[in-house]
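Visitor: I have a model to look through and would like the reasoning behind each label. Could we put it up first?

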Amino acid sequence: MPMQAQEIEDLIRASFPDAEITVQGNDGVHMAAMVVDASFKGMNRVQQQRAVYAALKGKMDGPNGDLHALALTTKAPD
C-alpha cells in the first residue's frame, strides 16, 4: 500500500524529533523530503541520508516496499 506524506514524516520524526521536516508528493509512491537536523552536524551527506533511510524502517526495501522513490535532501541547520 502506498505511503502518504504524513506517514513518512511520522517515521522520520520518531528518529529526529527536533528536525525541520517537509515531505511532498501526492501519489504515495514518488515522494520528496527535506530533513534539517542538528544531529547531522559533522556528517557528510551520505551519512545523513543513511540515517534518514534507517528511520524509514524498511519501507523502501526491495520491490515489496511501501515507498518506491524518495528524493531526499538533508542538512544541518545553518
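Guide: A helix here is a DSSP run of H or I of at least four residues, and a strand is a run of E of at least two; both are numbered from the N terminus. The model is predicted. Ser 15 is found in helix H1.

Visitor: Why does Ser 15 count as partly exposed?

Guide: Buried means under 20% relative accessible area and exposed means over 50%. Ser 15 has 38% relative accessibility, so it falls in between and counts as partly exposed.

Visitor: Which residues of H1 are buried?

Guide: In helix H1, residues 5-15, the buried ones are Ile 8, Glu 9, Leu 11 and Ile 12.

Visitor: How do you know that they line one face of the helix?

Guide: Looking down the axis of H1, the buried residues fall within an arc of 160°, and therefore they line one face. Their cover includes strand S1 (20-24), strand S2 (30-36) and helix H2 (45-55).

Visitor: What makes S1 and S2 a pair?

Guide: Two strands pair if DSSP finds at least two bridges between them. S1 and S2 have five bridges, so they pair, and the sense is antiparallel. Gln 24 has Ala 32 as its bridge partner in S2, and Ile 21 has Val 35 there.

Visitor: What of S2 and S3: how many bridges join them?

Guide: Seven bridges join S2 to S3, and these two strands run parallel. Ala 33 stands opposite Leu 72 in S3.

Visitor: Why is the sheet called open, and which are its edge strands?

Guide: Three strands form the open sheet in the order S1-S2-S3, with mixed pairing. The edge strands are S1 and S3 (69-75), as each pairs on one side only. Neighbouring strands are turned by 10° against each other on average, direction ignored. H1 packs on this sheet, touching S1 and S2, and its direction makes about 155° with that of S1. H2 lies across S2 and S3 and runs at about 125° to S3.

Visitor: Which side chains of S1 point to one face, and which to the other?

Guide: In a regular strand the side chains alternate between the two faces of the sheet. In S1, Ile 21 and Val 23 point to one face and are buried. Glu 20, Thr 22 and Gln 24 point to the other face and are not buried. S3 has a covered face of Leu 70, Leu 72 and Thr 74, and an uncovered one of Ala 69, Ala 71, Thr 73 and Lys 75.

Visitor: Which residue in the hairpin of S1 and S2 takes a positive phi?

Guide: Gly 25 does, with a phi near 125°; the hairpin has five residues between the strands. Lys 57 also has a positive phi, of about 50°, although it is not a glycine. Lys 57 is in the loop between H2 and S3.

Visitor: Why does Lys 57 count as exposed?

Guide: Exposed means over 50% relative accessible area. Lys 57 has 56%, so it counts as exposed.

Visitor: Why are Phe 16 and Phe 40 called a tilted aromatic pair?

Guide: Rings pair if their centres lie within 6.5 Å. The centres of Phe 16 and Phe 40 are 5.3 Å apart, so they pair. Planes under 30 degrees apart count as stacked and those over 60 as edge-to-face; at 55° this pair is neither, and so it is tilted. The count comes to one aromatic pair.

Visitor: What does the pair tie together?

Guide: Phe 16 lies in the loop between H1 and S1 and Phe 40 in the loop between S2 and H2, so the pair ties together parts that are 24 residues apart in sequence. Both residues are buried.

Visitor: How do you know that Gln 48 is buried?

Guide: Gln 48, in helix H2, has a relative accessible area of 6%. Buried means under 20%, so Gln 48 qualifies. Leaving out residues up to four places away in sequence, Gln 48 touches Phe 40, Met 43, Thr 74, Lys 75 and Ala 76.

Visitor: What makes Gln 48 and Met 43 a polar contact?

Guide: The cut-off for a pair of N or O atoms is 3.5 Å. The backbone oxygen of Met 43 lies 3.2 Å from a polar atom of the Gln 48 side chain, so the distance is within the cut-off. Met 43 is in the loop between S2 and H2 and is partly exposed, with a relative accessible area of 33%.

Technical notes. Residues numbered from 1 in each chain as written. Predicted model: local features only at pLDDT ≥ 70, side-chain atom pairs only at ≥ 80, totals over all residues. Heavy atoms only, no water. Buried < 20%, exposed > 50% of the residue type's maximum accessible area, 1.4 Å probe, protein only. Arc of directions from axis to C-beta. Contact = heavy atoms within 4.5 Å. Axes fitted to C-alpha atoms, helices over the stretch in contact; angles between N-to-C directions. Phe/Tyr/Trp six-rings, centres within 6.5 Å; stacked < 30°, edge-to-face > 60°. Polar contact = N/O pair within 3.5 Å; in protein donor to acceptor, adjacent residues only side chain to side chain.
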